[in-house]
Amino acid sequence: MAKEATSKSAAPTATAKTPAPASVGTAASQTSPSQRSMPAGTPFFELSRLMVVAIDTAAGRLIQKAQTAPNGPWPADWSIIAPGTFVQMTAGLTKDGRVAVVAQLSGTTNLSVITEDANQIGPIDKWSAPQNIGAPPIATSYQKLSMANDADGRIEIFVTDNQGNIWWIYQNPGQIVQVQKTITPPGTKTPIVVTVDERVPPAKEWSDWLQIPGGLVSVRAIRQADGRIALFGINSGLHLYRCQQSTAEALKVADWTQWVQIDTTGTGGFTEMAPIVGPLGATNLFALTQSGQVLHTRQKPAGTDSWTPWAMTEYSRVAKYTLAAGIEGNGDIMLVASDQQHVHSFNAQYDAATQNWSGWRDFNASGANTRLTLDYNADGRVALFSLMSGGAPNDNSLWTLSQMNIDSTEWEDAWVSLASSNVNQAIVVRDLTPPV
């Protein structure tokens with residue numbers, strides 16, 4: 001694919017109890033390679049392998065399956081993450097790059113955090129024991145869970161409950177304490193005692209549950225290029241809203257901006273949203289209208305609360321019903337959608353500065369409705385994950401295929417089966433932990 005250039009409204013309310021359709025994916029795993037940390041001098045993505053975290057509906061088990069090596073094949077079997085049965089989950093990364101899962105154990109509203117064991121000696125398949133972080137007050141069930149890492153890399157979790165309330169909990173930052181240290185100043189031989197500030201772990205690892213004003217049935221959290229988290233949400237009236245942290249270390253509800261309604265009479269309501277940080281550092285939002293068209297708005301300039309008017313990447317003659325946004329290995333944005341005839345098409349960004357796109361190009365199809373997720377392999381090729389539903393014999397089956405090369409318009413022809421049935425939730429993350 002040739003490049004053409006280098007690259008306030010009222011708070012949202014929940015007007016009914018029926019959730020709007022929500023997109024699948026995790027913001028934490030969808031930043032470009034150029035925005036990743038570089039462990040040991042090697043780019044993050046060259047060391048990583050893709051992992052899928054899911055719930056097995058037949059047994060209620062929390063399970064995972066990961067490539068056996070960077071760019072490697074997928075094993076036949078799934079591995080159990082934690083004992084017990086679970087009803088809902090989301091996944092992302094810890095501050096040091098290990099996979100983290102937030103899940104609701106069956107029979108309770110309490111949520112648990114489960115991480116890959118730092119020493120790879122955890123009790124179940126190298127995972128730590130579940131850590132109970134409690135439940136939001138008055139919540140009896142949940143509609144959506146979302147996770148993101150803040151400017152310090154700490155995990156922040158966002159939940160919408162059955163009443164449309166929006167809840168927030170986060171890992172507390174380290175506390176600053178004064179300690180005395182003995183040093184020998186340069187040019188002398190006499191040690192002296194000095195008092196210095198030192199950051200130590202917090203006395204309490206997790207904050208209390210905090211309620212963010214408003215009412216939503218679906219919420220998505222994404223870490224922006226400046227480290228602040230942005231929230232995007234849809235309420236039961238299909239109105240679309242956004243807000244963001246006003247400070248890099250947000251510790252109280254007042255540290256968030258007000259919700260801004262971003263649908264208009266012209267756009268109508270939205271059924272899905274796909275936020276992602278683009279190669280110029282701006283947060284981009286792609287959203288699917290009720291008529292099946294994909295619209296786009298972005299921060300301009302990056303890092304501000306100023307956004308462009310809604311634009312259409314290209315008109316679709318057949319209405320689309322599901323949408324995913326991801327990043328190619330070269331840092332540009334890739335969109336994939338499926339239409340009402342179950343045909344999958346992609347739309348690749350040529351140039352972020354001028355907003356040039358390839359236009360929607362059909363490249364594959366499925367036999368039933370599907371939910372889509374994008375991420376990229378260790379070699380930078382985009383990988384598409386398709387969670388099938390509503391059509392026997394592939395109901396609740398999970399499949400994947402990849403680009404032929406970075407920035408390629410060609411895709412593999414044959415889907416790889418990850419699960420033939422019994423998967424109703426699936427989150428894709430990029431794992432740095434070596435296979436064992």
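Tutor: A residue is called buried when its relative accessible area is under 20%, exposed when it is over 50%, and partly exposed in between. The model here is predicted.

Student: Why is R381 called buried?

Tutor: The relative accessibility of R381 is 14%. The limit is 20%, so R381 counts as buried.

Student: What makes D379 partly exposed?

Tutor: D379 has a relative accessible area of 30%. That value lies between 20% and 50%, so D379 is partly exposed.

Student: How do you know that D379 and R381 form a salt bridge?

Tutor: A salt bridge needs a side-chain nitrogen of Lys or Arg within 4 Å of a carboxyl oxygen of Asp or Glu. For D379 and R381 the N to O distance is 2.8 Å, so the pair qualifies.

Student: What makes D226 and R228 a salt bridge?

Tutor: The closest N and O atoms of D226 and R228 are 2.8 Å apart, which is within the 4 Å limit. D226 is partly exposed because its relative accessibility is 37%, whereas R228 is buried at 11%.

Student: Why is the contact of D152 with R154 also called a salt bridge?

Tutor: The closest N and O atoms of D152 and R154 are 3.6 Å apart, so the pair is still within 4 Å. D152 has 33% relative accessibility and counts as partly exposed; R154, with a relative accessible area of 6%, is buried. D152 and R154 also belong to a network of salt bridges together with D150. A search of the whole structure finds 13 salt bridges.

Student: How do you know that K320 has no salt bridge?

Tutor: The nearest side chain of opposite charge to K320 is D339, 5.0 Å away. The limit is 4 Å, so D339 does not qualify as a partner for K320. K320 is nevertheless buried. Its place is in strand β22, residues 320–327.

Student: Which residues are in contact with K320, leaving aside its neighbours within four places in sequence?

Tutor: Among them are L288, V294, A337, D339 and W360. Contact here means heavy atoms within 4.5 Å.

Student: What makes K320 a charge over the ring of W360?

Tutor: K320 lies over the face of W360, at 4.6 Å from the ring centre. The distance limit is 6 Å, so K320 meets that part of the test. R430 and Y376 make another such case: the charged end of R430 sits over the ring of Y376, 3.6 Å from its centre.

Student: How many aromatic pairs does a search of the whole structure find?

Tutor: The search finds 11 aromatic pairs. One of them joins F158 and W256, with 5.7 Å from centre to centre and 85° between the planes. It links distant parts of the chain: F158 is in strand β9, W256 is in the loop between β16 and β17, and 98 residues separate them.

Student: Why is the pair of F158 and W256 called edge-to-face?

Tutor: Two rings pair if their centres lie within 6.5 Å, and planes over 60 degrees apart count as edge-to-face. The values of 5.7 Å and 85° satisfy both conditions, so the name applies. Both F158 and W256 are buried, and ring pairs link them with W168 and Y170 into a cluster.

Student: Why is R220 called buried?

Tutor: R220 has 6% relative accessibility, which is under 20%, so it counts as buried. R220 lies in strand β14, residues 218–223.

Student: What makes the approach of the R220 side chain to M273 a polar contact?

Tutor: The side chain of R220 reaches the backbone oxygen of M273 at 3.4 Å, and the limit is 3.5 Å, so the distance qualifies.

Student: What is notable about the backbone of L238?

Tutor: Most residues other than glycine have a negative phi, and most peptide bonds are trans. L238 is not a glycine, yet its phi is positive, about 65°. L238 is in the loop between β15 and β16, and at 17% relative accessibility it counts as buried. H342, in the loop between β23 and β24, also has a positive phi, near 65°.

Student: How do you know that the bond from K300 to P301 is cis?

Tutor: Omega of that peptide bond is near 0°. P301 lies in the loop between β20 and β21.

How values were computed. Residues are numbered from 1 along each chain as its sequence is written. This is a predicted model: local features need pLDDT of at least 70, side-chain atom pairs count only at pLDDT 80 or more; totals for chains, interfaces and linings use all residues. Side-chain values use heavy atoms; hydrogens and water are left out. Helices (H or I, at least four residues) and strands (E, at least two) are DSSP runs, numbered from the N terminus. Buried means under 20% relative accessible area, exposed over 50%, partly exposed in between (1.4 Å probe, protein chains only). Rings of Phe, Tyr and Trp (its six-membered ring) pair if their centres lie within 6.5 Å; planes under 30 degrees apart count as stacked, over 60 as edge-to-face and the rest as tilted. A charge sits over a ring if NZ of Lys or CZ of Arg is within 6 Å of the ring centre and within 35 degrees of the ring normal. A polar contact is a pair of N or O atoms within 3.5 Å; within protein, one must be able to donate a hydrogen and the other to accept it, and residues adjacent in sequence count only if both atoms are side-chain atoms. Lys and Arg count as positive and Asp and Glu as negative; His and the chain ends are not counted.
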